[in-house]
Amino acid sequence: MVRVITGLWRWRGNPLCRASDRHEAWLTCCAVLLVVVAAPLAGWFGAGQVRSALLADMREQRLERRVVAAVAEQVTQESPAKPEDPRDAESDYGSPDGQKPRLRVTASWPVPDGTRRSGTVTLHHVVHPGERFRMWTDSRGRPVGRPMEERSATSHAALAGVAITAAMVATVEAGRRLAVRNLLRGRYARWEAEWRRIGPDWGRTGSSN
């Protein structure tokens, strides 16, 4: 980068260097600086902000949610594995082969006021009627997903940082291309004006007519 800036500074005195050439060179230099320095900084800052927000949500979830012992009453449906719904109840156990069967189970579980609530929940491990299993509920006793873990928050924040960096790089490059296009249009317009001025006399130098 230092060599590029030094070369650009020396090139500014070249008689063949037009003003539009200098503008385009400085524009490219600024774009490179933004991509190399500013974009990663923006991604890092954005990732930090997202991680802080996610960790705050995680702490709130851990304060609000709790594990209760539910009793399966009836297995009503089994469906193929598919992406998890965050509203599903989630047990502490997964399938050993990594595949998570989804069972629609009618169950009952205790709620904070001392009563029991019944409903249909989705589990990711096999249970049978009468068996107990652990599930997550909120402060009102409603089935919820497992609280977010810190590593999940970090992963989501990292993805957000990458997305912010990529978006800024794309924005800078789009702005650079647009600016260069405008410079080229101005350059072509000046060429056409100059050609209209000297074109009629082209080739007549030194002639007697």
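Is Glu173 buried, partly exposed or exposed? In this predicted model, Glu173 counts as partly exposed, because its relative accessibility is 29%. The legends below begin with the whole chain and then turn to close-up views.

**Figure 1. The whole protein is built from three helices and four strands.** When the chain is read along its sequence, these elements follow the pattern α-α-β-β-β-β-α. The protein has 209 residues, of which 27% count as buried, and its accessible surface comes to about 14200 Å², with 58% of that surface belonging to carbon and sulfur atoms. Among the contacts between residues at least 6 apart in sequence, 71% join residues at least 24 apart.

**Figure 2. The largest nonpolar core of the protein has 13 residues.** In soluble globular proteins, nonpolar side chains tend to be buried together. In this core, the residues that touch the most other members are Val105, Trp109, Val121, Leu123, Val127, Phe133 and Met135. Each of the strands β1 (66-79), β2 (102-110), β3 (116-123) and β4 supplies at least two residues of the core, and β2 gives the most, with four residues. When neighbours within four places in sequence are left aside, Val105 is in contact with Ala72, Gln74, Val75, Thr76, Gly119, Thr120, Val121, Leu123 and Val127.

**Figure 3. Thr137 belongs to strand β4, which covers residues 132-137.** With a relative accessibility of 0%, Thr137 counts as buried. If residues up to four places away in sequence are not counted, Thr137 touches Glu64, Arg65, Arg66, Val68, Trp109, Arg142, Pro143 and Val144. One of these contacts, Arg142, also appears in the next view, where Arg142 is paired with Asp138.

**Figure 4. Asp138 and Arg142 form a salt bridge, one in which the closest N and O atoms are 2.8 Å apart.** The two partners can be described by how much of each is accessible: Asp138 is buried, with a relative accessible area of 6%, whereas Arg142 counts as partly exposed at 39% relative accessibility. A search of the whole structure finds five salt bridges, and another of them links Glu149 with Arg151, where the closest N and O atoms are 3.0 Å apart. In that pair, Glu149 is partly exposed at 30% relative accessibility, while Arg151 counts as exposed at 63%.

**Figure 5. Within helix α3 (residues 150-198), Glu173 and Arg177 lie four residues apart, about one turn of the helix.** Their side chains meet in a salt bridge, with a distance of 2.8 Å from N to O. Arg177 is exposed, with a relative accessible area of 54%, and Glu173 is partly exposed, as the opening answer said. Through salt bridges that share partners, Glu173, Arg176 and Arg177 are joined into one network.

**Figure 6. Cys29 and Cys30 are shown together, in a structure where a search finds zero disulfides.** A disulfide is a covalent bond between the sulfur atoms of two cysteines. Why is Cys29 without such a bond? The closest cysteine sulfur to that of Cys29 belongs to Cys30 and is 5.7 Å away, which is too far for a bond, because a disulfide needs the two sulfur atoms to be within 2.5 Å. Cys30 is likewise in no disulfide, the nearest cysteine sulfur being that of Cys29. As for their surroundings, Cys29 counts as buried at 6% relative accessibility, whereas Cys30 counts as partly exposed at 42%.

Methods
Residues numbered from 1 in each chain as written. Predicted model: local features only at pLDDT ≥ 70, side-chain atom pairs only at ≥ 80, totals over all residues. Heavy atoms only, no water. Buried < 20%, exposed > 50% of the residue type's maximum accessible area, 1.4 Å probe, protein only. Contact = heavy atoms within 4.5 Å. Areas by Shrake-Rupley, 256 points an atom, 1.4 Å probe, with all protein chains shown as cover. Core = buried A, V, L, I, M, F, W, Y, C linked by side-chain atoms within 4.5 Å. Salt bridge = Lys/Arg side-chain N within 4 Å of Asp/Glu carboxyl O.
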